[in-house]
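Please take a moment to look over the model shown here before reading on. The paragraphs that follow lead from the relation between the chains, through a single chain, to the surface beside the DNA.

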2 protein chains.
Amino acid sequence: MKQAKSLGEFEILILAALIRLGDQAYGVAIRDEIESRSGRPVSIGALYPTLSRLEKKAYVTSSIGEPTAVRGGRAKRYYALTAHGVKQLEKSSHILFKMLHGLPGWPTGTTS
Amino acid sequence: MKQAKSLGEFEILILAALIRLGDQAYGVAIRDEIESRSGRPVSIGALYPTLSRLEKKAYVTSSIGEPTAVRGGRAKRYYALTAHGVKQLEKSSHILFKMLHGLPGWPTGTTS
DNA sequence: GTTATTTAATATACATTGTAAGTATTATCA
DNA sequence: TGATAATACTTACAATGTATATTAAATAAC
């Protein structure tokens, strides 16, 4: 079996969102983060199976939080990257960067 | 709802390689371009089916060249992006950029 | 206190993309 | 003419991506 498999495109987006969200990374927040930052639509039903696979591969861990005192305040499942997950994300993003930077349409210089 | 489907990770790499290779983009050259530029291994058997799917989706076109007078100089199939393919690649690379830039491990500042 | 509404997570089923292993074709070299 | 090299194609399957539907748990409203 070949190790060092590369992440899929959606997996990359999810892992990036986890870093950006820090300790507030639960399902709906992850969806919102990806959609608002990138404009890419994310269906909630697409998200959870992918999170579940990332967890099975030990790129993320998850834990259930406390219910909150707001309407619908069901306990959330929070996700966090493992060191392994960070490494994989860096690897995949480097590969993409090396292939994409400088091409037409690739943002130049600093952006925010 | 179903509009502007995003490209897979490998598809992105292939389309980027096509731009970089210009009129020299045939199977083996595409493989070499991705491997030498990014370090990501590409099996030739993984490449052709993906090229074929990209062609079916009208992101690329292909044409057979002339045999060349070198050992094993079988006629090559050359691939090129369509305008549609360029647009899709730009869309996907923008999404990735927006999610990835600024994260730990993301190359900073000027591109080499 | 029973029912409605809200937020969130899970389950199911299927479509798309990614990949290896093996096969075929066509060229030159010895 | 048999060996070898470069390239392409085929097949079969694994992994990833996705939508729809359902369940769960909380408060609000009556």
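To compare two copies of a chain, the copies are superposed by least squares on the C-alpha atoms of residues with pLDDT of at least 70 in both, a confidence cut-off that matters here since the model is a predicted one. In general, two copies of a chain are related by a rotation about an axis and a shift along it. For this structure, a turn of 180° with a shift of 0.0 Å along the axis lays chain A on chain B with an RMSD of 0.1 Å. The two copies are therefore related as by a two-fold rotation axis. The residue of chain A that comes closest to this rotation axis is A:Glu9, whose C-alpha atom lies at 2.4 Å from it. The same surface serves both copies, in that 97% of the contact residues of chain A recur in chain B.

How many residues take part where the two chains meet? On the side of chain A there are 29 residues, and they are in contact with 28 residues of chain B. Three elements of chain A, namely α1 (9-21), α2 (27-38) and α4 (83-100), give two or more residues to the side that touches chain B, and of the elements it is α4(A) that gives the most, with eight residues. Sorted by class, this side of chain A holds 15 nonpolar residues, along with nine polar and five charged ones.

Turning to chain A taken by itself, one finds four helices and two strands, which follow one another along the sequence in the pattern α-α-α-β-β-α. Along the principal axes, the C-alpha atoms of chain A fill a box of roughly 50 × 40 × 20 Å. Of the 112 residues in chain A, 29% are buried. When contacts in chain A between residues at least 6 apart in sequence are considered, 46% of them join residues that are at least 24 apart.

One packing within this chain deserves a closer look. Two packed helices are described by the angle between their axes and the distance between the axes. For α1(A) and α3(A), the angle is about 80° and the axes are 10 Å apart. Since angles of 65 to 115 degrees count as roughly perpendicular, α1(A) and α3(A) are therefore roughly perpendicular to each other. On the side of α1(A), the contact is made by A:Phe10, A:Glu11 and A:Ile14, and on the side of α3(A) by A:Thr50, A:Leu51 and A:Leu54. By class, the residues of this contact of α1(A) with α3(A) divide into four nonpolar, one polar and one charged.

Helix α3 of chain A also contains A:Tyr48. Is A:Tyr48 buried or partly exposed? With 14 other C-beta atoms within 10 Å, A:Tyr48 is partly exposed. The C-alpha atom of A:Tyr48 is separated by 7.1 Å from that of A:Gly27, although the two residues are 21 residues apart along the chain.

A:Gly27 appears again at the DNA: of the 32 residues around DNA strand C, those that come nearest are A:Gly27, A:Gly72, B:Gly8, B:Ser43 and B:Gly45. The elements that give two or more residues to the surface near DNA strand C are α2 and α3 (44-56) of chain A, together with α1 (9-21) and α3 (44-56) of chain B. The most is given by α3(B), with five residues. By class, the surface near DNA strand C has 11 nonpolar, 10 polar and 11 charged residues.

How values were computed:
Residues numbered from 1 in each chain as written. Chains lettered and ligands numbered in written order. Predicted model: local features only at pLDDT ≥ 70, side-chain atom pairs only at ≥ 80, totals over all residues. Contact = placed C-beta atoms within 7 Å. Nonpolar A, V, L, I, M, F, W, Y, C, P; charged D, E, K, R; others polar. Near = placed C-beta within 6 Å. Axes fitted to C-alpha atoms, helices over the stretch in contact; angles between N-to-C directions. Parallel < 35°, antiparallel > 145°, perpendicular 65-115°, else oblique. Buried ≥ 20, exposed ≤ 12 C-beta atoms within 10 Å, placed from the backbone.
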